Amino acid sequence: MRLNHDIHLGYCTNIHRGETWEETWNGLKNYTLRVKDRVSDGKPYGIGLRLSQQAALELSAPGKIAEFKAWLDANGCYVFTINGFPYGSFHGTRVKEQVFKPDWSTPERLVYTNLLFDILAQLLPPGVSGSVSTLPGSHKTFGVGADELNAIFTNLRLCREHIEKVSVASGHDLHLGLEPEPLGLFETSGETLKFFGLYLDRNPQDRDFFKFVGLNYDTCHLAIEFEDAQKALDRITGAGIRLSKLHFSSALKLKPTHENIAKLHAFDEPVYFHQVIASYGADEPLRRFKDLPDALQFAQANPNDLGEEWRVHFHIPIHAQPGGGFDSTRDHLIGAMDWLAANPKKCQHIEMETYTWEVLPDEMRSGDVVDQLVKEYEWTLEEMGKRELMVKQA
């Protein structure tokens, strides 16, 4: 849906299963339309579409995009952004570090992302910009050396050139947003500036790079890094990096007491990465764990060396506080909203992204998935309204 200042809000459909185009479209019909009916008040409804590589190929077959666009028009919907981070399967099987593969050092990632822009340009309504979000280059555990980094920068330059061609041909403002994530090739605001600085050092002639390539800022991910939202967003945009999209999401945070660590086992599930970062105080270095089982194993072996606070990469519903000794990083999300209210022209795309529905502990689910999404909309729209970012009145 369109808010004030031409900001578009949607939820990311990666919450629903869908690796083929048929499965993806069925998810839109069975869930997304039900959410729309309860939150859109009859206004055009923006969709944050997730397309796997397989679904993107199937959608690009002759006649399929026209068929889908006719369905969108008939149902009062439009697509303004695509989540291009997960290339392959994203539900029901082990995802973990596989979500970073193929990374940006490979031609497969370039071809897939270019295809997403080809599709998006055909789906966008007139005058609406389009974004695609993607991984932060690679993952730190993949052993990125000089050759891999050169390949990443080369593929990003080739993608940027493709985006420009599609933008000129379609008349749409199109942009790619790389998404920092714990243990990604870059994960903090400082590493973000270093990554983009290295690109510009190697491509000094590419003066329009930030017109087409920027950042997808996930409020869960930067909160896990113990960053302050307003300072991080000022730092990133102050360096000239385009803010392509904001992901509204929350993570778990907790005091690492014996009782809380015991309860944390309920969040140890085998599908997604749940990186953990522990704080030992303002002047002490952070301790990072690749996944929740590593942190739990460390806690068992070192019960007196657990620090002051843990933050866990487990997306929880943004409208709810977990309780039971746990808290959320929603304060970081609120900080990002406050920043956006003061800088409403610096980002036009927002997605709510709580993709963990299937693996949430039962006590954290709000009815069925549609009920949860509706409550996330209600909370978000109320908070946006407080900041004069609410839906325009007719």
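**Entry 1. Second largest cavity**

I listed the residues around the second largest cavity of this predicted model. The lining is made of T13, H16, R17, G18, E23, T24, G27, L28 and R50. I then asked which element supplies the largest share of that lining. Helix α1, residues 21-39, does, with four residues. By class, I noted five polar residues, three charged and one nonpolar in this lining. The volume comes to about 50 Å³. I also looked up how many cavities of 30 Å³ or more the structure holds, and the count is two.

**Entry 2. Largest pocket**

Next I turned to the largest pocket, which has about 200 Å³ of space. I wrote down its lining as V144, G145, A146, L149, L185, F186, E191, K194, F195 and L198. Two elements give two or more residues each to this lining, namely α5 (146-170) and α6 (189-202). The largest share, four residues, is from α6. I sorted the lining of the pocket by class and got seven nonpolar residues, two charged and one polar.

**Entry 3. Helix α6 against helix α9**

Since α6 had come up at the pocket, I looked at its packing on helix α9, residues 229-238. The axes of the two helices lie 10 Å apart and make an angle of about 10°. I therefore put α6 down as roughly parallel to α9, since angles under 35 degrees count as such. Which residues meet here? On the α6 side I found S189, G190 and L193, and on the α9 side A232, R235 and I236. The residues of this contact divide into three nonpolar, two polar and one charged.

**Entry 4. The five-stranded sheet**

I traced an open sheet of five strands and recorded the order as β10-β9-β11-β8-β12, with antiparallel pairing. Strands of a sheet pair through backbone hydrogen bonds. Which strands stand at the edges? They are β10 (287-289) and β12 (326-328); each has a single partner strand, so one side of each has no neighbour in the sheet. From one strand to the next, the twist averages 30°.

I took a further look at the pairing of β12 with strand β8, residues 250-254. These two strands run antiparallel and are joined by three bridges. Within this pair, I found L252 opposite S328 in β12.

I then checked what helix α11, residues 292-301, touches on the sheet. It packs against the sheet with contacts to β9 (276-279), β10 and β11 (309-316). The direction of α11 makes about 125° with that of β10.

**Entry 5. Backbone exceptions**

Most residues other than glycine have a negative phi, and most peptide bonds are trans. I looked up two places that depart from this.

Where is the cis bond? The peptide bond from K101 to P102 is cis, and I noted its omega as near -10°. P102 sits in the loop between β3 (77-83) and α4 (107-123).

The other place is D6, which is not a glycine but has a positive phi of about 60°. I located D6 in the segment before β1 (8-11).

**Entry 6. For the record**

I set the two linings down side by side by class. The lining of the second largest cavity has one nonpolar residue among five polar and three charged, whereas the lining of the largest pocket has seven nonpolar residues with one polar and two charged. I also kept a note that α6 gives four residues to the pocket lining and packs with α9 at an angle of about 10°.

Terms used
Residues are numbered from 1 along each chain as its sequence is written. This is a predicted model: local features need pLDDT of at least 70, side-chain atom pairs count only at pLDDT 80 or more; totals for chains, interfaces and linings use all residues. Side-chain values use heavy atoms; hydrogens and water are left out. On a 1 Å grid over the protein atoms alone, a cavity is a set of points where a 1.4 Å probe fits but cannot get out, and a pocket is an open set with protein on both sides within 12 Å along at least five of seven lines; lining residues have an atom within 4 Å of a point. Grid points are joined across faces, edges and corners, and a volume is the space filled by probe spheres set on the points. Ala, Val, Leu, Ile, Met, Phe, Trp, Tyr, Cys and Pro count as nonpolar, Asp, Glu, Lys and Arg as charged, and the others, Gly among them, as polar. Axes are lines fitted to C-alpha atoms, for helices over the stretch in contact, and angles run from 0 to 180 degrees between N-to-C directions. Angles under 35 degrees count as roughly parallel, over 145 as roughly antiparallel, 65 to 115 as roughly perpendicular and the rest as oblique. Contact means heavy atoms within 4.5 Å. Two strands pair if DSSP finds at least two bridges between them.
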